[in-house]
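Visitor: I should like to learn how to read a structural model feature by feature. Please take me through this one.

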Amino acid sequence: MKKPISKKQLIAEIAGWYGALAILSGYTLVSFELISSDSLTFQLLNLTGAMGIIAIAAYKHVAQSIVLNVVWFSVALIAIINIFL
């Protein structure tokens, strides 16, 4: 019998799935020219997507994914700041 999922694990799993869907959605929208790569929408999808992946990677102790997504998050944050400057 499976061990019941904890609330912390459930939140991490939801965050991880959101992160994957957000990043894939942004990539798809830009690839099909439905949004621009310098749009706030694209950068917010990248920023929040990276946050979701960081959450699940931290929960599961996957250092490579944490590092990759901290960089991804940082790039998106800088891009968002540049949009408003």
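Guide: Let us start with Ser6, which lies in the segment before helix 1. Helices (H or I, at least four residues) and strands (E, at least two) are DSSP runs, numbered from the N terminus. This is a predicted model, in which local features need pLDDT of at least 70, side-chain atom pairs count only at pLDDT 80 or more, and totals for chains, interfaces and linings use all residues. Residues are numbered from 1 along each chain as its sequence is written, and side-chain values use heavy atoms, with hydrogens and water left out.

Visitor: Is Ser6 buried, exposed or partly exposed?

Guide: Buried means under 20% relative accessible area, exposed over 50%, and partly exposed in between (1.4 Å probe, protein chains only). Ser6 has a relative accessible area of 34% and is therefore partly exposed. Its C-alpha atom is separated by 21 Å from that of Ala20, 14 residues apart along the chain.

Visitor: How many helices and strands does the chain have?

Guide: The chain has three helices and zero strands, and from the N terminus on its elements run α-α-α. The C-alpha trace spans about 50 × 25 × 20 Å along its principal axes. Of the 85 residues in the chain, 25% are buried.

Visitor: What span should one expect of a helix, given its number of residues?

Guide: The expected span is 1.5 Å times one less than the number of residues. Helix 1, with 25 residues, reaches 36 Å from its first C-alpha to its last, close to the 36 Å expected. The 21 residues of helix 2 should span 30 Å, and its end C-alpha atoms are 30 Å apart, which agrees. For helix 3 (residues 63-84), the 22 residues should span 32 Å; the end C-alpha atoms are 32 Å apart, again in agreement.

Visitor: How is the arrangement of two helices described?

Guide: Axes are lines fitted to C-alpha atoms, for helices over the stretch in contact, and angles run from 0 to 180 degrees between N-to-C directions. Here the axes of helix 1 (residues 7-31) and helix 2 (residues 40-60) come within 7 Å and cross at roughly 145°. The crossing of helix 1 and helix 2 is left-handed, a term used if the near helix is turned anticlockwise from the far one by less than a right angle, whereas clockwise is right-handed. The residues of this contact divide into 16 nonpolar, nine polar and three charged. In that count, Ala, Val, Leu, Ile, Met, Phe, Trp, Tyr, Cys and Pro are nonpolar, Asp, Glu, Lys and Arg are charged, and the others, Gly among them, are polar.

Visitor: Which residues of helix 1 and helix 2 are buried, and what covers them?

Guide: In helix 1 the buried residues are Ala12, Gly16, Gly19, Ala22, Ile23 and Gly26; their cover includes helix 2 and helix 3. Among the buried residues of helix 2 are Phe42, Leu45, Leu47, Ile53 and Ile56, and what covers the buried residues of helix 2 includes helix 1 and helix 3. Contact here means heavy atoms within 4.5 Å. Residues 24 or more positions apart account for 60% of the contacts in the chain with a separation of 6 or more.

Visitor: Where do the buried residues of helix 3 lie around its axis?

Guide: An α-helix has 3.6 residues a turn, so residues three or four places apart point the same way. The buried residues of helix 3 are Asn69, Ala76 and Ile80. They cover an arc of only 45° around the axis, which puts them on the same side of helix 3; the arc is that of the directions from the helix axis to the C-beta atoms. These buried residues pack against helix 1 and helix 2. Gln64, Val67, Val75 and Ile78 are exposed on the other side of helix 3.

Visitor: How should one read a positive phi?

Guide: Most residues other than glycine have a negative phi. Just after helix 1, Glu33 takes a positive phi of about 55°. Glu33 is in the loop between helix 1 and helix 2 and is exposed, with a relative accessible area of 72%. His61, in the loop between helix 2 and helix 3, has a positive phi of about 60° although it is not a glycine. With a relative accessible area of 70%, His61 is also exposed.

Visitor: What is found in the segment after helix 3?

Guide: Leu85 has its place there, and at 80% relative accessibility Leu85 counts as exposed. Leu85 and Ile56 are 29 residues apart in sequence and 32 Å apart in space, C-alpha to C-alpha.
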